[in-house]
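Visitor: I have a model open and would like to talk through its contacts. Could you walk me through them?

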Protein chains: 2
Amino acid sequence: MRIGQLAQLVGVETQTIRFYEKQGLLPPPDRQENGYRIYTEKHGERLAFIRHCRILGLSLAEIHELQSFQDDPHQPCNAINALLDDHISHMRLQITALQALEKQLVSLRASCNNDREVEACGVLAGISEGSLHHQ
Amino acid sequence: MRIGQLAQLVGVETQTIRFYEKQGLLPPPDRQENGYRIYTEKHGERLAFIRHCRILGLSLAEIHELQSFQDDPHQPCNAINALLDDHISHMRLQITALQALEKQLVSLRASCNNDREVEACGVLAGISEGSLHHQ
DNA sequence: TATTGACCTTGTAGTGACTTTATGGTTTTT
DNA sequence: AAAAACCATAAAGTCACTACAAGGTCAATA
């Protein structure tokens, strides 16, 4: 199939496919006489794998690492688990940080609920205050 | 004070300060005869405000908007509140999404706890499976 | 037959918020 | 006097694309 069909099948834009190829995530397919790329099912599977990893929040570098395991399935899988564990703990940190920030923002927001002038509003002052207690 | 001192005071790198100046977030300071920037306390406060906004997750564009209120404090403050409300609801969405992803990753990770070969590990297969049920 | 439209090609630039690198001038310390 | 630390500017790199420009190819229509 050609690049447009593959794109539609997997739900990606054609540029993204070419981009993955240039990044070395998708093997360069054969070409027709006119230069058009022709893809096989294997390419589709590989592309779907990439997309799902991205949806899970993995970086292209991490995906690259996972692919090296796909390509050589007789390695021990500890490294895969380590990669996922890393990613999970990283995500947990991120979630915790976001929740803390949300709390701060909500309490900041609570410092003004009325129609006032900026001068009397308290929100900007609240931001400035906080900024000096950091680190 | 000079740029390095300001940087140390606020906990930023000097390049970041010059970057904020170029972006119009920090007013261009006076210069010494040799061209070195000289900063006042006002710059320090402004820079601290920017940093704290960044730590709260506000974009430079949002900070720019807030600064226009700082610079003209006799406007009504509804717009500030609206900006914060927007940002808070955006953050809540982000947190929910991250939590869902974490759950997926954890269950994926649970598909292999042992030392196996990649082939028998199940994690990569789990990623591939999931990828086709999306959209 | 000419041309329109949909598809394909390549390469380059833009996004956000910086960070890094290159190149060179100035000041301070040894 | 020389080395280290600081300052300046400008340009390129980061990440994961997205958008754009300029053109080649192909099938269907006027």
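The questions below go through the DNA contacts and then the contacts between the chains, in what is a predicted model.

Visitor: How many residues surround DNA strand C?
Guide: Happy to start there. Both protein chains take part, as the closest residues are A:Gly4, A:Arg18, B:Gln15, B:Asn34 and B:Arg54. In total, the number of residues surrounding DNA strand C is 19.

Visitor: Of the atoms of DNA strand C within 4 Å of the protein, what percentage belongs to sugar or phosphate?
Guide: Two contacts illustrate the phosphate side: a polar side-chain atom of A:Arg18 lies 2.3 Å from a phosphate oxygen, and a side-chain N or O atom of B:Tyr20 is 2.9 Å from a phosphate oxygen. Bases make up the rest of the strand atoms within 4 Å of the protein, and the sugar or phosphate part is 79%.

Visitor: Which residue has a side-chain N or O atom 3.1 Å from a base nitrogen of DNA strand C?
Guide: This one is about a base rather than a phosphate, so to speak, and the residue belongs to chain B. Its side chain places an N or O atom 3.1 Å from the base nitrogen, and the residue is B:Tyr36.

Visitor: Which helix gives the most to the surface near DNA strand C?
Guide: Four helices each supply at least two residues: helix 1 (3-10) and helix 2 (14-22) of chain A, with helix 2 (14-22) and helix 3 (41-55) of chain B. The surface as a whole divides into six nonpolar, six polar and seven charged residues. With four residues, the top contributor is helix 2 of chain B.

Visitor: How much area do chain A and chain B bury between them?
Guide: The contact involves 50 residues of chain A and 50 residues of chain B. Carbon and sulfur atoms carry 71% of the buried area, which comes to about 4900 Å².

Visitor: Which residue of chain A meets B:Glu102 in a salt bridge?
Guide: Four salt bridges are found across the interface of chain A and chain B. In the one with B:Glu102, the N to O distance is 2.5 Å, and the partner is A:Arg92.

Visitor: Which helix supplies the largest share of the side of chain A that touches chain B?
Guide: Helix 3 (41-55), helix 4 (60-71), helix 5 (78-109) and helix 6 (123-132) of chain A each give two or more residues to that side. Its residues divide into 27 nonpolar, 15 polar and eight charged. The largest share, 20 residues, comes from helix 5 of chain A.

Technical notes: Residues are numbered from 1 along each chain as its sequence is written. Chains are lettered from A and ligands numbered from 1 in the order in which they are written. This is a predicted model: local features need pLDDT of at least 70, side-chain atom pairs count only at pLDDT 80 or more; totals for chains, interfaces and linings use all residues. Side-chain values use heavy atoms; hydrogens and water are left out. A residue is near a molecule or strand if one of its heavy atoms lies within 4 Å of it. A polar contact is a pair of N or O atoms within 3.5 Å; within protein, one must be able to donate a hydrogen and the other to accept it, and residues adjacent in sequence count only if both atoms are side-chain atoms. Ala, Val, Leu, Ile, Met, Phe, Trp, Tyr, Cys and Pro count as nonpolar, Asp, Glu, Lys and Arg as charged, and the others, Gly among them, as polar. Contact means heavy atoms within 4.5 Å. Buried area is the accessible area (1.4 Å probe) that two parts lose on being put together, summed over both. A salt bridge is a side-chain nitrogen of Lys or Arg within 4 Å of a carboxyl oxygen of Asp or Glu.
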